[in-house]
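User: I am new to this structure and would be grateful for a close look at a single part, the largest cavity, with a short word on the surface for contrast. Please treat the matter in one connected account.

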Amino acid sequence: MRDGGTCWFTESTTLQQADLDLILSSAPRDHEDRPILRDARFTGCTFTGSVRFASAGHDGRLTAVRFVEFCDFESATFESDADFTEGVFDDYTSFRYATFRGIADFEQSAFLQENKALEMVEHPDSPAFASANSKRLRMLYPVSFESCQFDGPATRFAESWANSIIRFDGSTFRSVDLGPILCRGLRIRNATFTQRARIIAHGLGGVGPVELTGVDFQSSAALEGYSVGISLTSVNFTSPSTIREVQPLSKWNQLYRLEGGREKSLASTVSLKGLRSCNLNNTVSVANVDLSYCFFEDTTNLDRFRLEAGTTFLAIGGALRTRRRITAQERRWRFTKNPQWAGLKETGTVNLSSSSDADRTQDAVQVSETYRALRKGREDNKDEPGAADFYYGEMEMRRAATKGAEKTLLTAYWLVSGYGLRAWRAIVTLALFLGIISVGFEFFGFTNQGSPAHPNSVLFVLATILTVGNATNVPLTPTGEVLRLLLKVGGPLLLGLAALAVRGRIKR
């Protein structure tokens, strides 16, 4: 121990609790009666037994250490529990390549001021965390728990907050409650969760990004958040999992809005930005999540994606077009074809780069498959009305991807009844059809044109469509016979399409 609390230790130094007690007892104290370690360097040291970085103050109460100017635990090894509870790290702090074989406890610790990077990283050639308990960890600068192995029965980061992105790249977890964490972003790449996992992220200063890439959930997973945007890429869900919004914590009300020392508007929604190349081996339920900009690309078993209450998509329509929900993929496809389609002037995060006709056709096929999977998921959940918009989108993309006779048939199906989902369109078409047929009968259909026995063409048409054969026994011209045949075929068909559309919207 040098003057002012400076302490340096060479590599391969072995320390235990008695050594720490001696160091801290001789250290200067701050106004909170904390022992101060200035420019503390424990690079490559080995701590045997459980150690706690705290010392009894003047009143006999244990107070945690304040690390000032420089704190270096790079390549340090903690053979048992390491307790940094309520510790304060004022400046640069590094736990790079540190190994924790017991509980790593940073409960209520604070990383403040000029701290440029806090890293707690497992050395590739050494064991890593056997357990971790970082409850209510307060961090103000970039934090990384990369390549760590949390082998303990529980890993907790309750009520922690960071003024930066927190990274857990390459880590392995057992049962974990990761949060609630208030941060500017959470990144987990190439990580494995061997048991139940619960990840709760709250956005600091607006909507914070939550990125999970190459993550393997070998048991159930719960992804929860408040004011965050979640992106899932190459994530494997093995057991039933959930993605949902949670309520904010009142203690963080000001921090939710804080941005550069100023308050900004608070976005309360949780949005799913993408579900790309994921594998849904079991159901994934989503509740109170915005899916307006979510891309469902190359995801297997997408029909197991369950949409619960509160999920929203981008809605289009209005005026003469019935409103319906569309995915971000269809939105992008529409923009590449016509940027003014449906009055959508805001591009948002959609890539509007031009593409060839062949590319657009292939994109339409992929979007159709996405809609088919989403529709099947709603139908499997006994929600046919909820599946209607996805069926409409599926048919729209099929029509865009086909050519020739099939395209003509699908276009007629769309024009006449909106793919069996637009009852008003089928009814209007039926009315026009009956009106045209009635005019035809009036002038060309009856043999006794101009005589007092000339029947009312409208009543004749209605009677014909509701009966079998020529029940009215009215003599018809050859043109009238053709009109009657068209009426017998087209009338029930249009009535059936109207009934089908109504049924699709109200069936439960």
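Analyst: A residue is called buried when its relative accessible area is under 20%, exposed when it is over 50%, and partly exposed in between. T312, at 37% relative accessibility, therefore counts as partly exposed. This value, like those that follow, is computed from a predicted model. T312 is placed in the loop between β42 (305-307) and β43 (314-318). Its C-alpha atom is separated by 5.6 Å from that of L291, although the two residues are 21 residues apart along the chain.

The interior is considered next. Rolling a probe the size of a water molecule over the atoms shows where empty space is left. The count comes to one cavity of 30 Å³ or more, and the largest cavity has a volume of about 50 Å³. Its lining consists of I199, A201, V210, L212, L223, E224, V228 and I230. Four elements each give two or more residues to this lining, namely β28 (197-203), β29 (208-213), β31 (221-226) and β32 (228-233). By class, the lining residues divide into seven nonpolar, no polar and one charged. The charged one is E224, since Glu counts as charged.

Nonpolar residues are also found on the surface. W424, V428 and L432 form a nonpolar patch there, with about 310 Å² of accessible area together. Of these residues, V428 lies in helix α7 (residues 423-445). V428 counts as partly exposed because its relative accessibility is 43%.

Key. Residues numbered from 1 in each chain as written. Predicted model: local features only at pLDDT ≥ 70, side-chain atom pairs only at ≥ 80, totals over all residues. Heavy atoms only, no water. 1 Å grid on protein atoms, 1.4 Å probe; cavity = no way out; pocket = protein on both sides within 12 Å on 5 of 7 lines; lining within 4 Å. Points joined across faces, edges and corners; volume = space filled by probe spheres on them. Patch = residues over 30% accessible without salt bridge, like charges linked within 9 Å, V, L, I, M, F, W, Y side chains within 5 Å. Areas by Shrake-Rupley, 256 points an atom, 1.4 Å probe, with all protein chains shown as cover. Salt bridge = Lys/Arg side-chain N within 4 Å of Asp/Glu carboxyl O. Buried < 20%, exposed > 50% of the residue type's maximum accessible area, 1.4 Å probe, protein only.
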